[in-house]
Amino acid sequence: MEQHNLTITENTPILTDVFRMTLKGDGLDRHKPGQFVNLKIDGCFLRRPISVYDTGKDFITILYKIVGRGTKLLSAAVPGSRLDVLTHLGNGFDSEVRCERPLLIGGGIGCPPLYLLAKELRASGKTPAVLLGFNAPSEVLLEQEFKALVPEVTIVTQGYVTDSPVFTGGAYDYLYTCGPLPMLKAVYSGSQCGGQYSFEERMGCGFGACMGCSCRTKYGSKRICKDGPVLYREEIVW
């Protein structure tokens, strides 16, 4: 964990109630896919955890959806203003797992962290397939961005991602997934191969001190903010 005072260079609506924010500072390029940042928002007691969509030497980009007072206040932040940000939080995706045909499955606002994962997998020589699910065509995120990275991108806006032939056909040997809990459960039940699942949970501190986001696993209690948010299939208890 690191604490930074970062400058907002972009805070742009890209869909209804969905914003893209870029923050600039030094030492930000070591984020692993699946890690998150925790933002201090004026007027809010608790920080707001947001997954990292993209990162570089001197910037991080996040995508967030307005779901309450905190993110509503965040959407009003203007370029040039500064945010107190805790960075490099959580245990992200392990892209070095041995596999030949990884499948990335995202749901809604759970899709952004998979973009950074796809970039890392491509850089390592792997070619993942990407399957993204949304409630409606008007809510589709990052379709063109993913298509610029990988040759096979499937978008589902009716039904469930687990009904897609990409998933049911089984032409993959490993799964990475991030999205709402019902989707994660369905992916888990419908697949047999190994995988990594990124979970959302209400957080207090965001770095493992308060134990407020603890969950039960096959190997004992784990904190989603510190030991997660990514858990391996073999340790998950529903």
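The second largest pocket in this structure has a volume of about 290 Å³, and it makes a handy starting point for a first look around. Please keep in mind that this is a predicted model. From here the tour moves on to the largest pocket, with about 1500 Å³ of space, then to two nonpolar cores and two buried residues, threonine 71 and histidine 88.

**The second largest pocket**

- Its lining is made of 15 residues, and Leu181, Phe199, Cys215, Val237 and Trp238 are the ones nearest its centre.
- Two elements, H5 and strand E12 (214–217), each supply at least two residues of this lining.
- H5 gives the most, with 3 residues.
- By residue type, the lining of the second largest pocket divides into 10 nonpolar, 1 polar and 4 charged.

**The largest pocket**

- A total of 50 residues line the largest pocket, and nearest its centre lie Val67, Ile109, Gly110, Pro180 and Glu200.
- Two strands, E4 (48–56) and E5 (59–65), and two helices, H1 (69–75) and H5 (181–190), each give two or more residues to that lining.
- Which element gives the most to the lining of the largest pocket? That is E4, with 4 residues.
- Sorted by type, the lining of the largest pocket holds 24 nonpolar, 18 polar and 8 charged residues.

**Threonine 71, in helix H1**

- Threonine 71 is found in helix H1, one of the elements that give two or more residues to the lining of the largest pocket.
- Is threonine 71 buried or exposed? Its relative accessibility is 7%, so threonine 71 counts as buried, the cut-off being under 20%.
- A polar atom of the threonine 71 side chain lies 2.9 Å from the backbone nitrogen of valine 67, and valine 67 is among the residues nearest the centre of the largest pocket.
- That side chain of threonine 71 also reaches the backbone nitrogen of glycine 68, at 3.3 Å.
- Not counting residues up to four places away in sequence, threonine 71 touches Tyr64, Lys65 and Ile66.

**The nonpolar cores**

- In soluble globular proteins, nonpolar side chains tend to be buried together.
- Here the largest nonpolar core has 27 residues, and those touching the most other members are Leu103, Ile105, Leu131, Phe167, Leu175 and Tyr197.
- Strands E6 (82–89), E7 (102–107) and E8 (129–133), together with helix H4 (165–168) and H5, each give two or more residues to this core.
- H5 gives the most to this core, with 4 residues.
- Leucine 175 is in contact with Leu103, Ile105, Phe167 and Tyr197, and also with Val187, Ser191, Cys193, Gly194, Gly195 and Gln196, leaving aside its neighbours within four places in sequence.
- There is also a second, separate core of 26 residues, which includes Leu63, Cys99, Leu121 and Phe134.

**Histidine 88, in strand E6**

- Strand E6 is where histidine 88 is found, and E6 is one of the elements that give two or more residues to the largest nonpolar core.
- Why does histidine 88 count as buried? Because its relative accessibility is 12%, and buried means under 20%.
- The side chains of histidine 88 and threonine 87 are joined by a polar contact of 2.7 Å.
- Beyond its neighbours within four places in sequence, histidine 88 is in contact with several residues, including Met1, Glu2, Gly27, Leu28 and Arg30.
- His31, Gln35 and Phe36 are also in contact with histidine 88.

Methods: Residues numbered from 1 in each chain as written. Predicted model: local features only at pLDDT ≥ 70, side-chain atom pairs only at ≥ 80, totals over all residues. Heavy atoms only, no water. 1 Å grid on protein atoms, 1.4 Å probe; cavity = no way out; pocket = protein on both sides within 12 Å on 5 of 7 lines; lining within 4 Å. Points joined across faces, edges and corners; volume = space filled by probe spheres on them. Nonpolar A, V, L, I, M, F, W, Y, C, P; charged D, E, K, R; others polar. Buried < 20%, exposed > 50% of the residue type's maximum accessible area, 1.4 Å probe, protein only. Polar contact = N/O pair within 3.5 Å; in protein donor to acceptor, adjacent residues only side chain to side chain. Contact = heavy atoms within 4.5 Å. Core = buried A, V, L, I, M, F, W, Y, C linked by side-chain atoms within 4.5 Å.
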